[in-house]
Amino acid sequence: MKSNKNLNLFPLKRIKNKTVLPEILFITSYPPRECGIATYSQDLIFALNNKFKKSFKLKIAALENQNESYYYQEDIDAILETDSPKSYLELAKNCNEICNLSLVVVQHEFGLFHSNEGDFLLFLKALNKPIIIAFHTVLPQPDLVLKKMILAIDLYATAFIVMTQTSAKIIAEEYLIAPNKIMVIPHGTHLVEHTNKNILKEKYQVAGKKIISTFGLLSSGKCIETSINALKTIIKKHPEVLFLVIGKTHPTVVKNEGEAYRTSLETKINDLGLNNHVKFINKYLPLNELLEYLQLTDIYLFTSKDRNQAVSGTFSYAISCGCPIISTPIPHAVEVLKNGTGIIIDFENSEQLAKNVIHLLNNEQLRQDISSNGIHKLAPTAWENSAIAHALLFQKVSRRKIQLRYKIPTLNWNHIKNMTTDFGMIQFAKINQPDMSTGYTLDDNARALVAVCHHYELTRDTSDLVLIELYFNFIKFCLQPDGHFLNYVDKDRKFTLQNSENLEDANGRAIWALGNLIAISDLLPLSLVNESRKTMQLALSTVVEIHSTRAMAFIIKGLYYSHSANFSFGNTLLLKTLADRLVQMYKHESDEEWEWFESYLTYGNSILPEALLCAYLVTNNPIYQTIAKTSFDFLLSKTFNEDTIKVISNQGWMHNKVQIADPKNGGEQPIDVAYTIMALSKFYDHFGEEKYLKKMEVALEWFLGKNHLHQIIYNPCTGGCYDGLEETYINLNQGAESTVSYMMSRLTVEKYIKTKKKTKTKKYALPSPSKNGTLPKTTIISAE
């Protein structure tokens, strides 16, 4: 912990022969100071550091005054005493002397610089760095003094951040700030796993209650009495209601008024006979505890009477936790609570509040719908997305070039395990809750087997064996006596009518998965090895009848992996037969401008050239290698643009000789990115060309936010992956296919990020199996 009395302002360091990262200074209040901006800044800085690696260094100048001192749990680099003119000048001087300081970010609220606005303006004027001002309060209809002050700030600011479109409109139209200097970055919200309400109510000893709550630092501006007055009416219809008032009194209020406001509320509660229906949680809750209280809440109340409150972090957190919300019409609420995401009531109107609470308590489906709509509405505001938006602005504003490098999250199997029953992996989820009604598919369980086999091969984690056997048993369950597989199984473990057509690809995926299982035979129990080989041979007995392009590619990949541990001359001939079919397709469809197997590019494209490369590695037939590389490089030219990936959209396939006049964003599926990464790995391992390695990194970053929406596709909190990237939104459902797709991608790059030294790959024709029965693998990129 550090006290401001012992801080050196930015101690200068002489660093020789090192690449020094650009530094960014945040000027802000900071915990343990108890205020919304302090918490906001802590969350934002944590998100930036957690989202990016070796991109920049963040510094903090904490706001204090001469009569206060805080002991900080985190490193603070400077103190700005807001009531000391000298402190402003010293901080500006230190900032200017540090050549590596690339920009300054000020978290601005009028009260923070009260009575020292002139000193603050002199500080901005003295800085020779780019300045970003983040306005936490934007007052409409400003008087002349306020307007002049903001215009003075505008003289020195490079860019402004506001948190709502309403605020952006106000500062542009009423303060005359140039629109191109304004960026809207909503207040960040925390990702949560959306734990079952009843479990949380048991934990906090409120089981059987309908919970209404509000939270935040208590002050008269919260207008809690609106809710208390309404409660008398509410409990007549719903006596099971308990109203939680979460949060301690605001420190400034305590300093100036003591606990008079809280006492007045307690008196009112007593007078109305509501003591058994109201509970004060009078403390500053740790974040995880606060988020659990919000998740167990049935209805959240936001009753601020401040007409000009631009934004509320408490409001945002409640919605992101799935709380159906009733709110007074602050600009933030009016903007967010549209189209079924919440209910707006008039300021200080207890009658309206009571009526709407009763209506929601009477309608569970309506509460669920509002909850779901709210979660989808605020998904882009996750702190991970806020960090990306801020970092992109830093890139734009900084005088020094900032290269954004995304951190790769640690492996998280939670969602895969949550989606898995004792029978197999469930097909779909609603947000991150498994949707049992959708049943199971062979496709998903085959891909899951590939992922868990890869993980077991990398880690030797014996807990993987349970999942390996479970997914393998599901594949056996789907195998019919004639050697064909069925794909769709309902929640009662019965095959559905969907199994009447289009099963070839599923058959191919099953054989691919079995091949991956056989490839790690020497790591598995003998009984499982024997059963997997027996299953594989029965499945291969009918594959010559299959002519689906992608099904043949999956089968080739399965034969390639099984070849390393279970050589069979017959299987090699079968692989060659299927590979020759792909060659003939390529020769028939390709021309000078279209080097592909079909007259169109649709889904799962990368597996076709990868399959031919696998065929080459088994047979050493040069035509397979040539077509594999030519077709793969052609595909990459259509899906990579500079340093981003955009896989073929399912909203419009790409056809030979057909020019799309207005190509649209969206329709990108995690599975296609996963197949691309897996193919890039195979091509890099064989050809050793750095372009494949670079594209592999870029493709993985698509999941982490490097896409056209600049939003995360992978949810590190749940361990789930969102189902798709659309033109204007992310599909937040975290189904089996998307989640396993991310895991396959993540595991594919795991062997590279674990190795600290880059090693060059030798070209080879036919590799020999390693001791564990898998083909040799090379290591490439350095770890973080």
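A disulfide is a pair of cysteine sulfur atoms within 2.5 Å. Keep that cut-off in mind while reading this predicted model.

## Cysteines

How many disulfides does a search of the whole structure find? The search finds zero. Take C99 as an example. The nearest cysteine sulfur belongs to C95, and it is 13 Å away, so C99 is in no disulfide under the 2.5 Å cut-off. C478 tells a similar story. Its closest cysteine sulfur is in C453, at 16 Å, which is too far for a bond.

Is C478 buried or exposed? C478 is buried, at 0% relative accessibility. C99 is exposed, with a relative accessible area of 71%.

## A covered helix

Next comes helix 10, which spans residues 287–295. This helix is mostly covered, with seven of its nine residues buried. The buried residues are E289, L290, L291, E292, Y293, L294 and Q295.

What do these buried residues pack against? Two helices are on the list: helix 6 (197–203) and helix 11 (313–320). The strands on the list are strand 10 (210–215), strand 11 (241–246), strand 12 (278–281) and strand 13 (299–302).

## Salt bridges

Now to charged side chains. A search of the whole structure finds 28 salt bridges. Among them are the pairs in this table.

| Pair | Closest N to O |
|---|---|
| R262 and E259 | 3.4 Å |
| E610 and K557 | 3.1 Å |
| K657 and D591 | 2.8 Å |

Start with R262 and E259, which form a salt bridge. R262 is buried, with a relative accessible area of 5%. E259 is partly exposed, at 33% relative accessibility.

The next pair is E610 and K557, which also form a salt bridge. E610 lies in helix 23 (residues 607–619), and K557 lies in helix 21 (residues 549–563). The pair therefore ties together parts that are 53 residues apart in sequence. Both E610 and K557 are buried.

Then there are K657 and D591, whose side chains meet in a salt bridge. This pair links distant parts of the chain, 66 residues apart. K657 sits in the loop between strand 22 (654–655) and helix 25 (670–687). D591 sits in the loop between helix 22 (569–589) and strand 19 (600–601). K657 is exposed, with a relative accessible area of 70%. D591 is partly exposed, at 27%.

Salt bridges can also share partners. K629, D633, E689 and K691 are joined into one network in this way.

## Two crossing helices

The last stop is a helix pair. Two packed helices are described by the angle between their axes and the distance between the axes. Here the pair is helix 24 (residues 622–639) and helix 25. Their axes come within 12 Å and cross at roughly 130°.

Why are the two helices called oblique to each other? Angles over 145 degrees count as roughly antiparallel, and 65 to 115 as roughly perpendicular. The crossing angle of roughly 130° falls in neither range, so helix 24 and helix 25 are oblique to each other. Helix 24 passes helix 25 in a left-handed crossing.

Which residues meet where the helices pack? Helix 24 contributes Q625, A628, K629, F632 and L636. Helix 25 contributes T676, A679, L680, F683, H686 and F687. K629 thus appears in this contact, and K629 is also part of the salt-bridge network.

Technical notes:
Residues are numbered from 1 along each chain as its sequence is written. This is a predicted model: local features need pLDDT of at least 70, side-chain atom pairs count only at pLDDT 80 or more; totals for chains, interfaces and linings use all residues. Side-chain values use heavy atoms; hydrogens and water are left out. Buried means under 20% relative accessible area, exposed over 50%, partly exposed in between (1.4 Å probe, protein chains only). Helices (H or I, at least four residues) and strands (E, at least two) are DSSP runs, numbered from the N terminus. Contact means heavy atoms within 4.5 Å. A salt bridge is a side-chain nitrogen of Lys or Arg within 4 Å of a carboxyl oxygen of Asp or Glu. Axes are lines fitted to C-alpha atoms, for helices over the stretch in contact, and angles run from 0 to 180 degrees between N-to-C directions. Angles under 35 degrees count as roughly parallel, over 145 as roughly antiparallel, 65 to 115 as roughly perpendicular and the rest as oblique. A crossing is left-handed if the near helix is turned anticlockwise from the far one by less than a right angle, and right-handed if clockwise.
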